[in-house]
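Reader: I should like to go through this structure with you, beginning with the ligand. Shall we bring it up?

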Amino acid sequence: MKKVLISGFLGQDGANMAEFLLKNTTYAIYGMLRRSANPNFTNVKSIVSNPRVKLVYADLTDSISLDRLIQEIQPDYFINFGANSFVGCSWDMPVQVFETNTLGVLYGLEAIRKNCPSCRYYSAGSSEEFGNVDYSPQDIQHPIKPRSPYGASKGAARMLVKVYRESYNLYAVHGLLFNHEGTKRGEEFVTRKITKGVVRIAKAISNSEKFEPIELGNLDAKRDWSDSEDFVEGVWRMLNQELFNPEINEKIPEVRARDHGILLPKPVEFYLAQCLKEYVLSSGETHTVREFVERAFAEVGIEGLWAYPVNDPNNPTKETFVAAYGSRETLVKVNPKFYRPAEVELLVGDSTPIRKELGWKPKTTFSELVKKMVSHDLSLS
Ligand code: G4F
């Protein structure tokens, strides 16, 4: 049975990837965890007792632990979703962010090179690498222009993946993922913060209770939001390019030879590494944080208006979202503490190549995503 090692197993993407693989393959899943006094298994509660799932311990910042794990498991795939993924805190802990997001990638690549060079490696890249963008929509050729320590850490990881692929012919790819959300999203990210807040406020209004507004930062930031469940399929396609792109089989005689049962001097991944491509995953649409707020409130039947409070001496110029009818209560207010030292103002991705070459496309639209997240949060309370 083939083996897939997933780091960041308890996070949104790790858990969605494990669910996808349980449904669509017969492979064994090794969910990598860090030692923690109170690990949160919420995202994996429906799969963790599946006999194909095994929990294993290592830490991306501990090269010895990764080395040992890869040597022991000999995985066919190592999907590295482990990261410090919250851009906002990357200014507060830049060294930890680099240790996890960049050195963690280096340690993984080294462990594969030494112990298991036929293992296919996925590195979770980010549209944050594009930063203050030169053009729209952004594609794989867009230069790396990060605006945060997080974006820089991911850009550096991308270069390491390239160097290891080209130097050692490893099947290693760094996918460029635009924002992706869903019901497993952490509450520090703006989409889930909004959907949880909307549900809290809707419940309070229906029970005639008082409530605090949702406090947000930059409402004008534009993001290209998709569903993480769609993206894990795109990642899997990037890791199996020859299965989805028949042209690769034509280009590489060794792949055809392997398919005919002919023994090759090197693993097939060695030959594939020379024609691997990296791809952008995105919806191709961009929306402001403001629009996300409006849609999420619309899902619970609350219409609002953007306004500037005249009677708030502490916050005279900051915008608020107030209920359009009835008491005109404040639903959302801006709190400068949620602004970042530098912002990525606009992201919108061009995912045409993966759609054409690997046949991937997202299934969930922006409005379906908002609806899904709000409905899920309603079902929790
Ligand atoms: O939800 P966010 O924190 O996501 P961000 O920074 O775009 O990063 C996410 O997407 C990246 C891909 O582009 C990933 F690499 C990364 O790991 C992560 O998944 O913020 C989205 C936008 C930002 O412009 C932020 O300034 O929302 C703005 N925002 C406004 N108010 C807020 C808030 N963000 C957060 N987290 N909290 C707020 O109150």
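Author: Certainly. The shell around the ligand divides into 11 nonpolar, six polar and eight charged residues. Please bear in mind that this is a predicted model.

Reader: How many residues surround the ligand, and which are the closest?

Author: The ligand is surrounded by 25 residues. The closest are Ser126, Ser127, Tyr150, Arg340 and Glu343.

Reader: Which elements each supply at least two residues of that shell?

Author: Helix 5, residues 190-206, and strand 8, residues 214-216, each supply at least two.

Reader: And the polar contacts: what lies 2.5 Å from an oxygen atom of the ligand?

Author: That is an N or O atom in the side chain of Ser127. The side chain of Arg185 also has an N or O atom 2.7 Å from an oxygen atom of the ligand. With Glu188 the backbone is involved: one of its N or O atoms lies 2.8 Å from a nitrogen atom of the ligand.

Reader: How much of the ligand's area does the protein bury?

Author: The protein buries 97% of the 710 Å² that the ligand exposes when taken alone.

Reader: Let us turn to the second largest pocket. What is its volume, and which residues are closest to its centre?

Author: The second largest pocket holds about 270 Å³ of space. It is lined by 17 residues, and Ile140, Arg158, Lys277, Glu278 and Tyr279 are the closest to its centre. Two elements give two or more residues to this lining, namely helix 4 (149-168) and helix 12 (352-358).

Reader: Which element gives the largest share, and what is the chemical character of the lining?

Author: Helix 4 gives the largest share, with five residues. By character, the lining of the second largest pocket consists of eight nonpolar, one polar and eight charged residues.

Reader: Arg158 came up there. Which side chain does it contact?

Author: The side chain of Arg158 makes a polar contact of 2.9 Å with the side chain of Glu129. A polar atom of the Glu129 side chain also lies 2.9 Å from the backbone nitrogen of Ser126, and Ser126 is one of the residues closest to the ligand.

Reader: Where is Glu129, and is it buried or exposed?

Author: Glu129 sits in the loop between strand 5 and helix 4. Its relative accessible area is 0%, so Glu129 counts as buried.

Reader: What is the peptide bond from Ser136 to Pro137 like?

Author: That bond is cis, with omega near -10 degrees. Pro137 is in the loop between strand 5 and helix 4, where Glu129 is also placed.

Reader: On backbone geometry, what is the phi of Gln74, and what is that of Ser208?

Author: Gln74 has a positive phi of about 55 degrees, although it is not a glycine. Ser208, likewise a residue other than glycine, has a positive phi near 50 degrees.

Reader: Where do they lie, and how accessible are they?

Author: Gln74 belongs to the loop between helix 2 (63-73) and strand 4 (77-80), and it is partly exposed at 34% relative accessible area. Ser208 lies in the loop between helix 5 and strand 8. Its relative accessibility is 71%, so Ser208 counts as exposed.

Reader: Finally, how many cavities of 30 Å³ or more are there, and what lines the largest?

Author: The structure holds one such cavity. The largest cavity has a volume of about 30 Å³, and its lining is formed by Asn80, Gly82, Ala83, Asn101, Val105, Ser123, Ala124 and Lys154. Helix 3 (94-115) and strand 5 (120-126) are the elements that give two or more residues to this lining. The lining residues divide into three nonpolar, four polar and one charged.

Technical notes:
Residues are numbered from 1 along each chain as its sequence is written. This is a predicted model: local features need pLDDT of at least 70, side-chain atom pairs count only at pLDDT 80 or more; totals for chains, interfaces and linings use all residues. Side-chain values use heavy atoms; hydrogens and water are left out. On a 1 Å grid over the protein atoms alone, a cavity is a set of points where a 1.4 Å probe fits but cannot get out, and a pocket is an open set with protein on both sides within 12 Å along at least five of seven lines; lining residues have an atom within 4 Å of a point. Grid points are joined across faces, edges and corners, and a volume is the space filled by probe spheres set on the points. Helices (H or I, at least four residues) and strands (E, at least two) are DSSP runs, numbered from the N terminus. Ala, Val, Leu, Ile, Met, Phe, Trp, Tyr, Cys and Pro count as nonpolar, Asp, Glu, Lys and Arg as charged, and the others, Gly among them, as polar. A residue is near a molecule or strand if one of its heavy atoms lies within 4 Å of it. A polar contact is a pair of N or O atoms within 3.5 Å; within protein, one must be able to donate a hydrogen and the other to accept it, and residues adjacent in sequence count only if both atoms are side-chain atoms. Accessible areas come from the Shrake-Rupley method with a 1.4 Å probe; for residues, only the protein chains shown count as cover. Buried means under 20% relative accessible area, exposed over 50%, partly exposed in between (1.4 Å probe, protein chains only).
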